[in-house]
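Reader: I've got a model on my screen and I'd like to learn how to read it. Can you take me through the pockets, the helix faces and a few single residues?

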Amino acid sequence: MDFGKLLKPEAVKVLTSASSKKRLMQDIGELAQQAYGLPAGQVVDALMTRETLGPTGVGHGVALPHARMDGIDKVVGAFVLLDKPIDFSSVDRQPVDVAFALFAPENAGVEHLKALALVARTLRDTSICTKLRSNPDPATLYTILTEDKADKAA
């Protein structure tokens with residue numbers, strides 16, 4: 001499992017408009033629709049339903065929203081860098097400016113967990129997060145994510 005299999009270049013975006021967790025989820029829904037053809041409303045509903053189980057803000061300004069959904073056949077992701085951090089009810093109560101959303105098939109087992117572990121490990125690396133935060137260009141962000149972890153697959 002590597003980022004090149006999880007993430008399309010068109011599923012990477014820099015957001016200037018997200019002002020709340022719900023707005024961020026809507027933006028992620030739109031991005032998932034554009035990149036993967038997933039219904040935006042279904043994406044938002046699935047992500048918000050998952051959030052009711054506990055916040056996916058993992059700390060240090062990073063959120064990993066994720067959901068299982070009908071209509072997809074493999075685990076895919078969307079990466080968002082926010083120009084202004086937002087409250088995300090994170091475990092460390094710090095605002096979020098980096099979000100990597102994952103979408104998995106309803107019956108995905110170990111692949112979903114492997115993808116989540118890969119993303120969590122990668123975004124726990126402060127040097128990678130620093131690079132991401134200092135490069136507000138989607139193509140550069142995609143390159144940072146796919147090159148830095150291509151040789152450290154789960």
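Author: Happy to. We'll begin with the largest pocket, whose lining is made of Val-58, Gly-59, His-60, Val-62, Leu-64, Ala-120, Leu-123, Arg-124, Thr-126, Cys-129, Thr-130 and Arg-133. Three elements each give two or more residues to that lining: β2 (57-59), α4 (110-124) and α5 (126-133). Keep in mind that this is a predicted model.

Reader: How does a program find a pocket to begin with, and what volume does the largest pocket have?

Author: The general idea is that a probe the size of a water molecule, rolled over the atoms, shows where empty space is left. Here, the largest pocket comes out at about 200 Å³.

Reader: Which element gives the most to the lining of the largest pocket?

Author: That's α5, with four residues.

Reader: And how do the lining residues divide into nonpolar, polar and charged?

Author: Six are nonpolar, four are polar and two are charged.

Reader: Let's stay with α5. How do I read the sides of a helix?

Author: An α-helix has 3.6 residues a turn, so residues three or four places apart point the same way. In α5, the buried residues are Ile-128, Cys-129 and Leu-132. Looking down the axis of α5, you'd find these buried residues within an arc of 100°, so they line one face of the helix.

Reader: What exposed residues does the face of α5 turned away from its buried side carry?

Author: Thr-126 and Thr-130. Both Thr-126 and Thr-130 also appear in the pocket lining, as does the buried Cys-129.

Reader: Now single residues. Is His-112 buried or exposed?

Author: The cut-off for buried is under 20% relative accessible area. His-112 has 5%, so it counts as buried. You'll find His-112 in helix α4.

Reader: What does His-112 touch, leaving out residues up to four places away in sequence?

Author: His-66, Arg-68, Val-75 and Ala-104. With Arg-68 there is also a polar contact, side chain to side chain, at 3.3 Å. Another way to see how the chain folds back is to compare sequence with space: His-112 and Ala-67 are 45 residues apart along the chain, and their C-alpha atoms are separated by 9.4 Å.

Reader: Can I try the same reading on Leu-6? Where is Leu-6 placed, and what is its relative accessibility?

Author: Leu-6 belongs to helix α1 (residues 3-6), and at 2% relative accessibility Leu-6 counts as buried. Beyond its neighbours within four places in sequence, Leu-6 is in contact with Met-1, Tyr-36, Val-75, Val-76, Gly-77, Leu-102, Ala-115, Leu-118 and Val-119. Leu-6 and Lys-74 are 68 residues apart in sequence, and 8.6 Å apart from C-alpha to C-alpha.

Reader: I tend to think of loops as sitting outside. Is Ser-90 buried or exposed?

Author: Buried, at 7% relative accessibility. Ser-90 sits in the loop between β5 (76-86) and β6 (96-105). Its contacts, again not counting residues up to four places away in sequence, are Gly-57, Gly-59 and Val-96.

Author: Gly-54 is another loop residue to look at, between α3 (40-51) and β2. Gly-54 is buried too, with a relative accessible area of 18%. From Gly-54 to Ser-89 is 35 residues in sequence and 9.1 Å in space, C-alpha to C-alpha.

Reader: And what should I look for in the backbone angles?

Author: Most residues other than glycine have a negative phi, so a positive one deserves a look. His-60 has a phi near 60°, a positive value in a residue other than glycine. The loop between β2 and β3 (62-63) holds His-60, which is exposed at 67% relative accessible area.

Reader: What is phi of Arg-93 near, and where is Arg-93 found?

Author: Near 65°, again positive in a residue other than glycine. Arg-93 is in the loop between β5 and β6, and with a relative accessible area of 76% Arg-93 is exposed.

Reader: One from a strand to finish. Is Lys-84 buried or exposed?

Author: Exposed, at 53% relative accessibility. Lys-84 lies in strand β5. Lys-84 and Val-98 are 14 residues apart in sequence, with 10.0 Å between their C-alpha atoms.

Definitions and conventions
Residues are numbered from 1 along each chain as its sequence is written. This is a predicted model: local features need pLDDT of at least 70, side-chain atom pairs count only at pLDDT 80 or more; totals for chains, interfaces and linings use all residues. Side-chain values use heavy atoms; hydrogens and water are left out. On a 1 Å grid over the protein atoms alone, a cavity is a set of points where a 1.4 Å probe fits but cannot get out, and a pocket is an open set with protein on both sides within 12 Å along at least five of seven lines; lining residues have an atom within 4 Å of a point. Grid points are joined across faces, edges and corners, and a volume is the space filled by probe spheres set on the points. Ala, Val, Leu, Ile, Met, Phe, Trp, Tyr, Cys and Pro count as nonpolar, Asp, Glu, Lys and Arg as charged, and the others, Gly among them, as polar. Buried means under 20% relative accessible area, exposed over 50%, partly exposed in between (1.4 Å probe, protein chains only). The arc is that of the directions from the helix axis to the C-beta atoms. Contact means heavy atoms within 4.5 Å. A polar contact is a pair of N or O atoms within 3.5 Å; within protein, one must be able to donate a hydrogen and the other to accept it, and residues adjacent in sequence count only if both atoms are side-chain atoms.
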